[in-house]
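Trainee: Could you take me closely through one part of this model, the sheet of the smaller-numbered chain letter, and then set that part in its surroundings? I would like one connected account rather than a list.

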Amino acid sequence: MKIKILGTGCPNCKVLEKNTKDAVEELKIKAEIEKVTDITKIMEYGIMSIPALVIDEKVVSYGKVLSSNEIKKLLK
Amino acid sequence: MGLFYPLELFVNWLVYSVFNLSSKTLFGEAINFFIYDSIKILILLFVIIFIVSYIRTYLAPEKVKKILSKKFEFFGNMTASSIGIVTPFCSCSAVPLFIGFVESGVPLGVTFSYLISAPLINEVALAMLWGLFGWKIALIYLVSGWIIATFVGYLLGKLKLEKYVEDYVYKIKIKQELKEKKKLQKERIKESLSEVKSIIKKVFPYVLIGIGIGAVIHGYAPENLLTQIAGKGNWFAVPIAILIGIPLYSNAAGIIPIVSSLIEKGLPLGTALAFMMSVVALSLPEIIILRKVLKPKLLVIYFSVVGLGIIFIGYLFNILI
């Protein structure tokens, strides 16, 4: 599984990254987490509010800081 | 009898009977002022943030983009400013927002109307103004902010500034369009409530500090403290107030109660409005972030025109009121 966090480095993006790491660890799944900070790449996903969460190239959430519990539901 | 009369009675009872403070001492009066204002603003923040967040669940930026790309010129500017009223503005989203708008064909001037209106007219400022100055001033603020956003955006659109947008912006292609999920009423309400909770948690400490400082000024600072230095006779007061406002970013919640006390001490209303607008609409982090998409020349034009708009509103209300 490949997870991407789209964000330009704002405080909210960092919180989302941490929550995602927590969720992956707690579920004990194999996932690669990548941070995308290049705005050109971020825009390719069609989002306009950051941070966004992308799982296997599919945007699952944007403009929202998900809690690690919410992320767990998306990962299952 | 005002809407908040029962609250006034309750706070009087609490401070003068339960705490047993005298209504004739400055200290008693300041404590009363502090408790009454804090509760009143908390109620208003709750109600206004909830209403705005609820409307917002219907207006995701991805949808706004679609609405605005079909509009042109003046009507588009008016629509953009109106949508900006209910949109929150996190400066970190300014860049993706800007690119997304430009990419989908929203005219540059219309994009600017939205970028000005979103931070300038925000729900926290409206709730605070209503609580501390009354609904009339809150409405004046809303309408004048809307006018600035509409006209400044329109003007910038007329100036043909497209070449001063960073070139890479035009090269970006969006590969996938997002489909909006249908939301149930229950989800919208739940979302709005969680928004209320998170905003209040973030701003309320500043509100309390601001009201605290305001209460001290209210009780202890001499009358007419500012009439001499910042009164209507001093024409430099408006631009200076705006310059002071630029570095005070993100503390609008704390600054409005202080400003309300300063008005009692002789600060003219127009100067105060200009100052508050500068605090919310002109900020250093926003300048730095917008530099990513705007070439320096356009950045300077943008902030100068917004600044001039605010100065105009300041003078206008100093003359009118």
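Mentor: What follows starts with the sheet of chain A and then widens to the rest of that chain, the contact and chain B.

Please keep in mind throughout that this is a predicted model, and that every value below is computed from its atoms.

The sheet of chain A is open and consists of four strands in the order E2-E1-E3-E4, with mixed pairing. Strand E2 (32-36) and E4 of chain A stand at the edges and have a single partner strand each, so one side of each is left without a neighbour in the sheet. Ignoring direction, neighbouring strands of the sheet are turned against each other by 20° on average. Onto this sheet packs helix H1 (residues 11-27) of chain A, which touches strand E1 (2-6), E2 and E3 of chain A, and the direction of this helix makes about 165° with that of E1(A).

The part that repays the closest look is the pairing of E3(A) with E4(A), which is antiparallel and runs over four bridges. Two of the facing positions can be named: Leu53(A) stands opposite Ser61(A) in E4(A), while Val54(A) has Val59(A) in E4(A) as its bridge partner. When you look at the side chains along these strands, it helps to recall that in a regular strand the side chains alternate between the two faces of the sheet.

E3(A) and E4(A) form a hairpin with two residues between the strands, and in this hairpin Asp56(A) takes a positive phi near 45°. That residue is found in the loop between E3 and strand E4 (58-62) of chain A, and the sign of its phi deserves a note in that Asp56(A) is a residue other than glycine. Is Asp56(A) buried or exposed? With 10 other C-beta atoms within 10 Å, Asp56(A) is exposed, because a residue counts as exposed if 12 or fewer such atoms lie within that distance.

On the other side of E3(A) in sequence there is a second backbone feature, a cis peptide bond that joins Ile50(A) and Pro51(A), with omega about 0°. Pro51(A) has its place in the loop between helix H2 (39-43) and strand E3 (52-55) of chain A.

Stepping back to the whole of chain A, its secondary structure comes to three helices and four strands, which follow the pattern β-α-β-α-β-β-α when read along the sequence. Chain A has a radius of gyration of 11 Å, close to the 11 Å that the globule rule gives for 76 residues, so it is as compact as a globular protein of that length. Its C-alpha atoms fill a box of roughly 30 × 20 × 15 Å along the principal axes, and buried residues make up 33% of the 76 residues. Of the contacts in chain A between residues at least 6 apart in sequence, 65% join residues at least 24 apart.

Chain A also touches chain B, in a contact that takes 15 residues from chain A and 18 residues from chain B. On the side of chain A, the largest share, four residues, comes from H2(A), and by class that side has nine nonpolar, five polar and one charged residues.

Chain B has a secondary structure of 16 helices and zero strands. The radius of gyration of chain B is 21 Å, close to the 20 Å that the globule rule gives for 321 residues, so it is as compact as a globular protein of that length. The C-alpha trace of chain B spans about 70 × 50 × 30 Å along its principal axes, and 42% of its 321 residues are buried.

The largest nonpolar core has 101 residues, among which Ala127(B), Ile256(B) and Met276(B) touch the most other members; helix H2 (residues 26-56) of chain B gives the largest share of this core, ten residues. Neighbours within four places in sequence left aside, Met276(B) is in contact with Ala125(B), Ala252(B), Ile255(B), Ile256(B) and Val259(B).

Chain B, too, has a positive phi in a residue other than glycine, at Asn20(B), where phi is near 60°. Asn20(B) lies in the loop between helix H1 (5-18) and H2 of chain B, and with 8 other C-beta atoms within 10 Å it is exposed.

Methods. Residues are numbered from 1 along each chain as its sequence is written. Chains are lettered from A and ligands numbered from 1 in the order in which they are written. This is a predicted model: local features need pLDDT of at least 70, side-chain atom pairs count only at pLDDT 80 or more; totals for chains, interfaces and linings use all residues. A nonpolar core is a set of buried Ala, Val, Leu, Ile, Met, Phe, Trp, Tyr and Cys residues joined through C-beta atoms within 7 Å. A residue is buried if 20 or more other C-beta atoms lie within 10 Å of its own, exposed if 12 or fewer, and partly exposed in between; C-beta atoms are placed from the backbone. Two residues are in contact if their C-beta atoms, placed from the backbone, lie within 7 Å. Ala, Val, Leu, Ile, Met, Phe, Trp, Tyr, Cys and Pro count as nonpolar, Asp, Glu, Lys and Arg as charged, and the others, Gly among them, as polar. The radius of gyration is taken over C-alpha atoms; the globule rule is 2.2 Å times the number of residues to the power 0.38. Two strands pair if DSSP finds at least two bridges between them. Axes are lines fitted to C-alpha atoms, for helices over the stretch in contact, and angles run from 0 to 180 degrees between N-to-C directions.
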